[in-house]
Every structure is written in structure tokens, then in C-alpha cells.
Amino acid sequence: MAQIKLFGYTDRISVKPGEAVTFHVSADGTSAADAQLVRLIHGDENPLGPGFIEEEVPCEANGRWRVEKQYTQLGSFLTVEDPHKKLALEGSMTLFGFVFVGLPGDGRRQCLIGRWNNDKSTGYCLGINQEGHLEFWLGRGDEVDYLKTEIPLLKKTWYFVAATFDAKSGKATIHQESVTNRYNGLLGGVAPIDYRSHVAETFRFRQKNLDDTPFLIGGSRDFHELRGSFVSQNFSGKIDRPGIYDRPLSRGELEKLLKGELPPLDGLVAYWDTTEGYTDSGIGDTVVDIGPHKLHAKGYNRPVRAQTGWNWSGRNDCFRLAPREYGGIEFHHDAMIDCNWKPTRTARLPETLRSGIYAMRLRAGDGKGLGEEYVVFYVRPKHAEAKVAFLVPTASYLAYANEHLSFDADIIQPMTGQPPIVSEIDVEMYKNLDFGLSTYDCWADGNGVCYSSYRRPIVNMRPKHRMSSMGVPWAFPADLSIIGWLEHKGYDYEVLTDEDLHLEGVEALKTYSCVLTGTHPEYYSERMLDATEDYIAGGGRYIYMGGNGFYWNVAFREDEPWTMEVRKLDSGMRAWNARPGEHYLASTGQKSGLWKNLGRPPQKLVGIGFIAEGFETSRPYRRMPDSYHRQVSWIMEGIEGELIGEEGLAYGGAAGLELDRYDLSLGTPPHTKILASSGGHSDNYMLSIEEILYPYPGLAGSQDYRIRGDITFFNAPNDGAVFCGGSIAFGQALPARNFDNNVSRLLSNVVDAFIKAGPLPGSLWISEEKQWR
């Protein structure tokens, strides 16, 4: 009997009561699943806490669902709408373009440019064979003629490539010339390599075209009896300014194209100028054909734009400065943005549904392991009424979505100080490329993944999940510890997502007296950062519950809020590094990387910022002298002793995983009070890389005084205020002993004060001091 597996996702993650949510589900080993809407309250099964808590909710969609196996189109490519079949050439032709190959000779055939049907062996294509040679082939169904170069293509090298076919004589040629300069490739002029190859041969027949075969850049049409038509033979690498003629160009004409001259109009069918369309705010997926027929190409699975082209000179590092040098469009055969599964069920949510974190729980078979799935989404209120908002860090969930660190990151075990604990769900996610990658992973060609989307199953945006490399909940299931605390304490709260904050700005927050973050709000767009700053400056009271927050600058397109872009560069704790010249976001035109390197370190916003990370142990905080100051002593009411957070669900303490500290040199408001600090961290805790100018002995937890988490507080304008927990483990300490602990008590003191109208306790002293001065 086949093993039962259930996976799903929704078309949107932020909804309101009464709205419809569409669920996309794929199943193996079953044709039916039992569905139940649940409200998620606590997601960590650690026996030191309250355990997993959910609440079943009546809904018209509850009951038996029909499910089926669904298939995902992997790989990024361009497809061309050609209603008049201008590209269905059955005679003479020339194909040309510039290419930068990511994975030559990896055993796969890769299609660059053409109208090729892999299933029927018809059409034409310029591509790369399994051994890495440039190849040109024509097919008529029963036979294929092909021609290849003598010299294989080298990885990370720009070439001008072309193929011609003269239907009268049958003569076919293929051309390969390096266009490497001092900046644009892996190897320089000192490497004694001959890159060129020019071959000619007589073909026996003309190509035949099928009506339903599309013209593709970066792939070919294929067919499978279960999934139907799909795209295979995907290319990994960059393509710059490809084109096609209905006649064979001469060697002299090809030489002019090689030099970057515009193609002659005689016989030109299409010329996709990949440098067209850039704006100061980025570029989209449409690739403009400046030829006579305007056969524009459209990207699938988000081919990466804003990439350097064949003629990048190294002088300008951004497409906004030199768009003609940014014609490179990068493709990956394992890219995936949207599963595009058929809808399984659309459910209208109850009108009376309270705001919170929900999931459609699906079960089949014994309902355990892979036979159970939680398809998570977030319900915000129709009209904001509560005083407290929990801001769900969905951008950070996207960054870590389906991370492969335990399997692929060489550094993971020395970094975490422990071997991974891998479940069957982790294994399924890893071996199933249909689920896509996280921004902590690399595509097969070694380039870092810069896009992530929630239109796919995200196995770590599920309750009960434990990050396999660390053995503790991370991000979503860890944040449910804060939800569980809000529920246990009986606070009237509502939830919002990063998507809401990005789309609506400060309007999404301004009705709330108090906003709490998740444990790890690491990824922030400029709009999100602006809205948070405006909320606090306008009198909002903000509780930063985590560590390593407000760190990476990310972007979303206006029309696709489900897809996030980030580029890792310059500095920061990062799994990959963007190549030179490719540091700017195609979605917005802004430079990515750390907010600190853009002049907006998190200390300027909330008073503390990332200093170190470590895994395997957590520590308590110790009260600092500021905690006894009359301005803030109310925060410590009911706290006995000097230590805070001696227990927790993340390695047994409240200060751990990732730590943030006070730093006046980076913009911490000078009146900020340090209430408590951690210390004595193990040497598994290492100073964050952006803090290091030169490496030297003594940068580990037991040696460097800077490696600590700080609990801080400061008053902001208009009766606003900011309280910070100082580490990721802070929020996961709340559930210890069923929420009966001093971290829980301390946070209650803060929230109780923040939700009351009027000045905060201690504010009267501030006013008196100012008057006295």
C-alpha cells in the first residue's frame, strides 16, 4: 500500500472573516482527506510547556474533501505568445544571443532558444548537450539532425552563440565565441584558453513544427501521460539579447552582433532586448521584443532580472546607472515560485470568526506524520477593535520557507553545535523539489536563491515543526508561544501580517495601543520599516519580542505580494553572497543587504540590534542597575531575585539563539534603559560578522563582552514607548511552567501598562525632571 502524503497551501495568507480562501492540496496514496478548520494556540510539543494546543472551529468547508496528486512546473523560462505563428519557421533561419552557462556538462540537455517539442522530436533549437557542448538541432518527428561545437562551454563564461540554417542548400553552422572582459566572467585574460568553435555541416531535411508547440527561451515543450504538457530541458545560466531571423546570416553579420551592434532589419523575426523596460523602481517579467512583430516574452517562475550582462564593464554596480549593461536574465532549472496547483476547495470563512492564526487541518489514513497537514493562514479583523496586535513576521517565514540547511549547509553542525534531528517530513521536503527552496539555499548552479513565495507548501510554517538543524521550533511554531501567552493571559488581541503592514503602512497599526512582534522579524521592506517607525514616533507602544530583527532589506512587487526578493551581500550572517554588480533588487531598484548598511540599523528603530548567534544553550538575564530606576521600576514589579528567564522552551533559558544588544554608536536612543543583560554564553555563540573588521582570537561567547542580549526600554514621542526582549528565545520562555514564570510576569507588566490610556508609569518623573532642568 502506498504511503499517504498530504501537502497544501492557500492562495492568500491574510484574510478577514466572511472572505473566501482557496486551498490547493496534493495527495499521494489517497483520494480523500478529512478537513477541519482549527485555530492554532500553541505549537511547541516540548513537555516543559503546555504542549500543542488547537481549537476546532465550525466551518462550512469542514468534512470530506476529494484530493488528488498534483504536479508542479519547475524551472524558470520565457514563453512567447505567437498567435500568427511568426516563429514557426520551417525553412531558413538564424538563432543568436549571448549566454553565460551555469551548469554545462551536468548530464542534462538544456534548451537556450527555440520552438522544440521534446516529446515529438519536432521543431528547432539552439541548446547545450549533456556533455556541455553547444548544439543546434532540427526535428521532423521521425528523425533529428544536429550539429555541435568541438569545444565545450565553460562555466561562468560569457559567449556569443549562433546557429544558421540555409534550407536551400541544407547547410547548417554553429558559432561559439567568448566575449569575456576583465570583469564579467570567472576567468581573466591570463588563462590560456581557446573558447571559440565554428562548425558547418549539411542537414538532410527541414524542421517540422507542431501548432501547439510554444517558442521558449530557457526550455522546451514536453508531455507526460499523467501531468500533460510541461516544460523540460530547462537552462541554468544567463541569456542576454537573443534573437531570430528567417534567413541565414553571414559570418560578417554575426561578427557585428557579437560586437553588440543592433541587428539588421532584413529578415528579422524577433529580437528580445533584455535591457529594455528598466525603471528607477525595477523591472518586471516581460521581456520586450523590439523587432517588427512585437513578440514579447513573459517570464515563468520569476527569471532573475537586474543581473549583469555580457558587456558589464565593472564601472557601474547598479542597473539604474547603466541599464544597457544589465541584459543578463538568469534562469535556473530548479526555480519555483508558484506551484500553480488546481484549486481543491474554496472555503468561505464564518462571518463571526475572531482574529487569530488558523489552519485547515487535513488528515488521511492514520492522520499522523505525512498523513496530516496544516494549511496555515491568518485572519485579521474586519475592523480593528482590540488594543493589542500581534504582528506575524510572514516575510521572515518566507525567507526560511523549506530551508535545506541540515542537508546542504557544510557549516550547520559546527554552527549549531549538534547533529541535525531529521523527521520524515524534513526528508520529504528535501527530496521533493516541487516545494521550492528558501533564501538560505542555493540553486543547483551554486547561486543564492533570491525569491521565495507562499504559493507552495511550506512545511516549516506549520505547528509542531522543529528546525531539524537546531532541534527547536523556529519562526512560526516558536511565535505560537506568544499567541499561547496572549490566550493564557486573556488579552484581547488581533493579528496582522507583514503583508498587511507592507501594503497598508502605518494605517494597519495606528488603531492599536500596543503591537507585539514575533520572535524573529528579520526581513523587512522599506514600507514596513517606515510604518513601524511612524507608528512608534506617533505615540505607538511597541514590543520587540525577538532577536536579529529589522536586518535584511527585502522587496515585494505591487501585483505579487506573495513573492519576496532579497539579495545577500556586503556583510551580515548570510548563506550566500550575490555576485558583483547584482546587489540591487529587481522588484524595487533599491539596494538590498543589511538595513544597517543602508543607514538604518535596528538600534535607531527599537534601541537594540543583532550582535551574536549561538545554538545548543540559552542563558538567563541578570538585572542591571537601570532596572531599579524609578522611571522603569514598574516593569519589575513582582520579579524576585536578580535572574530573569532561567527556563524556557528554547535550550532552557530566555536569552539564546540570536541576541540583540544596546549600542549608542548605532543609534540607540541615549535615554534608553538597560533593564537586564545576559552573559556567560558558550563559545558556540559567535560575534556577528558585520561587527568584525579584522578577525582575532577572543570573539566567542565566553570571551567577548559584546555577546549578550539586552532587555531595554525607552520612551518615544507622544507617549509612545518601546520595550525589547533582546533574544529569539525570550518569547519561547513565556510558556515555561504553564506561563507561570518571571519572563511572563515581566511582559504582563509591560503590556498592562502599554494598553492603558494616558502617560506610562514613570512618565511623570520624566516631565518633572525636564521642568527642573
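This passage describes the sheets, helices, nonpolar cores and cysteines of the structure. The model is a predicted one, in which local features need pLDDT of at least 70 and side-chain atom pairs count only at pLDDT 80 or more, while totals for chains, interfaces and linings use all residues. Residues are numbered from 1 along each chain as its sequence is written, and side-chain values use heavy atoms, with hydrogens and water left out.

An open sheet of nine strands (strands being DSSP runs of E of at least two residues, and helices runs of H or I of at least four, both numbered from the N terminus) has the order β30-β28-β31-β33-β44-β43-β41-β38-β39, with mixed pairing. Two strands are taken to pair if DSSP finds at least two bridges between them. At the edges stand β30 (493-497) and β39 (643-644), each of which pairs on one side only. Strand β38 (residues 621-623) is joined to β39 by two bridges, and these strands run antiparallel; Arg622 has Leu643 in β39 as its bridge partner. Elsewhere in the sheet, β31 and β33 run parallel and are joined by three bridges, with Leu516 opposite Ile543 in β33. The pairing of β33 with β44 is also in the parallel sense, over four bridges, and here Tyr542 stands opposite Val722 in β44.

In a regular strand the side chains alternate between the two faces of the sheet. From β33, Arg541 and Ile543 point one way and Tyr542 and Tyr544 the other way, and all are buried, that is, under 20% relative accessible area, where exposed means over 50% and partly exposed in between (1.4 Å probe, protein chains only).

Two helices lie across strands of this sheet. Helix α6 (residues 476-489) lies across β28 (388-392), β30 and β31 (514-516), at about 165° to β28, whereas α12 lies across β28, β31, β33 (541-544), β39, β43 (710-716) and β44 (720-724), at about 160° to β33. These angles run from 0 to 180 degrees between N-to-C directions, with axes fitted as lines to C-alpha atoms, for helices over the stretch in contact.

A nonpolar core is a set of buried Ala, Val, Leu, Ile, Met, Phe, Trp, Tyr and Cys residues joined through side-chain atoms within 4.5 Å. The largest such core has 119 residues, of which Ile357, Tyr523, Tyr542, Ile543, Phe713, Phe723 and Phe754 touch the most other members. Helix α12 (residues 742-754) contributes the largest share of this core, seven residues. A second, separate core of 41 residues includes Leu95, Val101, Ala163 and Phe331. Among the residues that Tyr542 touches, not counting those up to four places away in sequence, are Val515, Tyr524, Phe550, Val606, Phe723 and Phe754, contact meaning heavy atoms within 4.5 Å.

In helix α1 (residues 251-258), Leu254, Leu257 and Leu258 are buried. Seen down the axis of α1, its buried residues fall within an arc of 100°, so they line one face of the helix; the arc is that of the directions from the helix axis to the C-beta atoms. The cover over these buried residues includes β8 (93-101), β13 (158-165) and β14 (171-178).

A search of the whole structure finds zero disulfides, a disulfide being a pair of cysteine sulfur atoms within 2.5 Å. Cys514 is in no disulfide, and the nearest cysteine sulfur, that of Cys724, is 12 Å away. Cys514 is buried, with a relative accessible area of 0%, and Cys59, at 12% relative accessibility, also counts as buried.
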